[in-house]
Amino acid sequence: MESKEEISYVSQQEAIEIDQMLMSPLGFTVDQLMELAGLSVASAIGEVYSPSEYTHVLVICGPGNNGGDGLVAARHLHHFGYKPSICYPKRNTEPPFAGLVTQLESLSVPFLPVEDLPVQLSSDFEIIVDAIFGFSFHGNLRPPFDSLIRRMVSIKTQQRTHEIAAVVISVDIPFGWHVEEGDICGEGIEPDMLVSLTAPKLCAKMFCGPHHFLGGRFVPRSIIDKFKLKLPSYPGTSMCVRIGNLPETNLSAQKGIFTASVNLEVEENPIDQVELYKFQKWLGDALEAGVKEPHYMVLSTAGKDAKPSSRMVSLEGVNKDGFVWHTNYRSQKAREISENPHASLLFYWGPIKCQVRVEGFVEQVSDEESEQSFSSLPRDIQIRPTVSKQSTLIHGREVLHQQYKEFEEKYHDRSSIPRPKHWGGYRLIPEFFEFWQGEESQVHLKFRYYAEEIDGRRVWTIHRLVPQLAESASSL
């Protein structure tokens, strides 16, 4: 994976010259370039958005080559297990466009006129693919594209108000953007994913969504050398490659006492981590919505007596290896984990009507990891686990105050405080996720992810459950 700074971004004129050079003298045809581009787009969608969860796709196609890329992507998405529909209001009847339409019609992929689309596109579709205009477009929007852009912009409003909303994927140039300067009028869409083609255009520098991919594995060496392009290496046999990391979500509690980083490490096949992507997005939504202390979770454990106990703990971090928190190794929860190393976590963010349950196996983190976490804590926070003998009897609060004062005096002239051996981290390795999304209609949605071992590889199976009819406004 390459950072944005290490990638070349090309101007509109350079993009035109690269296309001209590909087709003459290098011998590529428009059909070939569309096929490669459309396959790259469909592959990028498949890397992040599973067809079992994001089933219904609306591909909106413009009259030019960008629209042709969308038609090819729709065909591949159909074969990948999605259910695409096409909106193609200004059909191009010349080859290769006519042939692509025939191919899609033979697969019974529906073509929908603009007037038959719902006012809220999210009501019928989980994914909207913007394949409307490419890098050569200029001028003002004319009907019906002026009304389509308003519908697509409204999707971001739905996301910000935490309604169920489709994700938007743009092909090469987001709808309403200038190819070099981005959304200069503030009236363009804000896609969740951008799939740049051949090489990212200058406007891609302004893209702030979570998923930026490049499709352009076909670019010959002669073009790379002529235009001095810096392009990333493609993993395995993939037709697309991610540019940049998933955004980090920094959690800061009140007064800056607690700071944790949620950093999802991305491997070559990020579809295996789709459940972590979803958790990260919801956690980010909770943070953006001003949910107080969204990193706090209910930790439930049970000892050998099988009696459950629950308490609130602070999530310190999460990545592909699991969810981490710190505690006293002599506490009740630590004793129960030693007797029964299975636990569950529960996150509930009321203002955005979201809940996540996680179940799995619990292990202690390494001493090195605990040392690193302890050393990053503010000095006054480091003293607390040292003087606190968690879950033991105490005669009064003044005892703790006195011990705290004595310890503070003992280490007043030292820059660091040693980590007590009874303090450290635990990691829950997920085996199960359940995502609950509340609805104003009280018809709530649930998605469950189960980890399975297949041929020595961990694979997640996703189940969309029958919508839950709430018995009360707070029913989960």
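**Exercise 1. Find out how well strand S6 is covered, and by which residues on each side.**

Solution. Start with the count: five of the five residues of S6 are buried, so this strand is mostly covered. Keep in mind as you go that you're looking at a predicted model. Next, split the strand by face. One side carries His-211, Phe-213 and Gly-215, the other His-212 and Leu-214, and every one of these is buried, which leaves both faces covered.

**Exercise 2. Take a closer look at His-211: where does it sit, is it buried or exposed, and what does its side chain touch?**

Solution. First, place the residue: His-211 belongs to strand S6, which covers residues 211-215. Second, check its accessibility. The relative value is 6%, and the cut-off for buried is under 20%, so His-211 counts as buried. Third, follow the side chain: it makes a polar contact of 3.2 Å with the side chain of Arg-242.

**Exercise 3. Work out which strands flank S6 and how they run.**

Solution. Begin with S5, residues 193-197: this strand pairs with S6 in the parallel sense, over five bridges. One of the residue pairs to look up is Met-193, whose bridge partner in S6 is His-211. Now turn to S7. Here two bridges do the joining, and S6 and S7 run antiparallel. Leu-214 has Val-241 as its bridge partner in S7.

**Exercise 4. Put the strands into their sheet and name the edges.**

Solution. Read off the order: S2-S1-S3-S4-S5-S6-S7, an open sheet of seven strands with mixed pairing. The edges are S2 (83-87) and S7 (241-242), each of which pairs on one side only. Then visit the S2 end. S1, residues 56-61, pairs with S2 in the parallel sense over five bridges. Within that pairing, Val-59 has Ile-86 as its bridge partner in S2.

**Exercise 5. Check whether the length of helix H2 agrees with its residue count.**

Solution. H2 runs over residues 30-48, which makes 19 residues. At 1.5 Å a residue, the helix should span 27 Å. The end C-alpha atoms are 28 Å apart, so the two values agree. While you're there, look for the buried residues of H2: among them are Leu-33, Met-34, Val-41, Ile-45 and Glu-47.

**Exercise 6. Classify two aromatic pairs.**

Solution. There are 17 aromatic pairs in the structure. Try Tyr-49 and Tyr-54 to begin with: their ring centres lie 4.9 Å apart and the planes meet at 65°, so the pair is edge-to-face. Tyr-49 is buried at 5% relative accessible area, and Tyr-54 also counts as buried, at 16%.

Now try Phe-323 and Phe-433. With 6.0 Å from centre to centre and 50° between the planes, this pair is tilted. Phe-323 is in strand S13 (residues 322-328) and Phe-433 in strand S16 (residues 423-437), so the pair ties together parts 110 residues apart in sequence. Both Phe-323 and Phe-433 are buried. They also belong to one aromatic cluster, together with Phe-279, Trp-282, Phe-347, Trp-349, Phe-435 and Tyr-449.

**Exercise 7. Sum up the whole protein in a few numbers.**

Solution. Count the elements: eleven helices and 19 strands. Go on to burial: 49% of the 476 residues are buried. Then the surface: about 23000 Å² is accessible, and carbon and sulfur atoms account for 50% of that. Finish with contacts. Among those between residues at least 6 apart in sequence, 69% join residues at least 24 apart.

Methods:
Residues are numbered from 1 along each chain as its sequence is written. This is a predicted model: local features need pLDDT of at least 70, side-chain atom pairs count only at pLDDT 80 or more; totals for chains, interfaces and linings use all residues. Side-chain values use heavy atoms; hydrogens and water are left out. Helices (H or I, at least four residues) and strands (E, at least two) are DSSP runs, numbered from the N terminus. Buried means under 20% relative accessible area, exposed over 50%, partly exposed in between (1.4 Å probe, protein chains only). A polar contact is a pair of N or O atoms within 3.5 Å; within protein, one must be able to donate a hydrogen and the other to accept it, and residues adjacent in sequence count only if both atoms are side-chain atoms. The expected span of a helix is 1.5 Å times one less than its number of residues. Two strands pair if DSSP finds at least two bridges between them. Contact means heavy atoms within 4.5 Å. Accessible areas come from the Shrake-Rupley method with a 1.4 Å probe; for residues, only the protein chains shown count as cover. Rings of Phe, Tyr and Trp (its six-membered ring) pair if their centres lie within 6.5 Å; planes under 30 degrees apart count as stacked, over 60 as edge-to-face and the rest as tilted.
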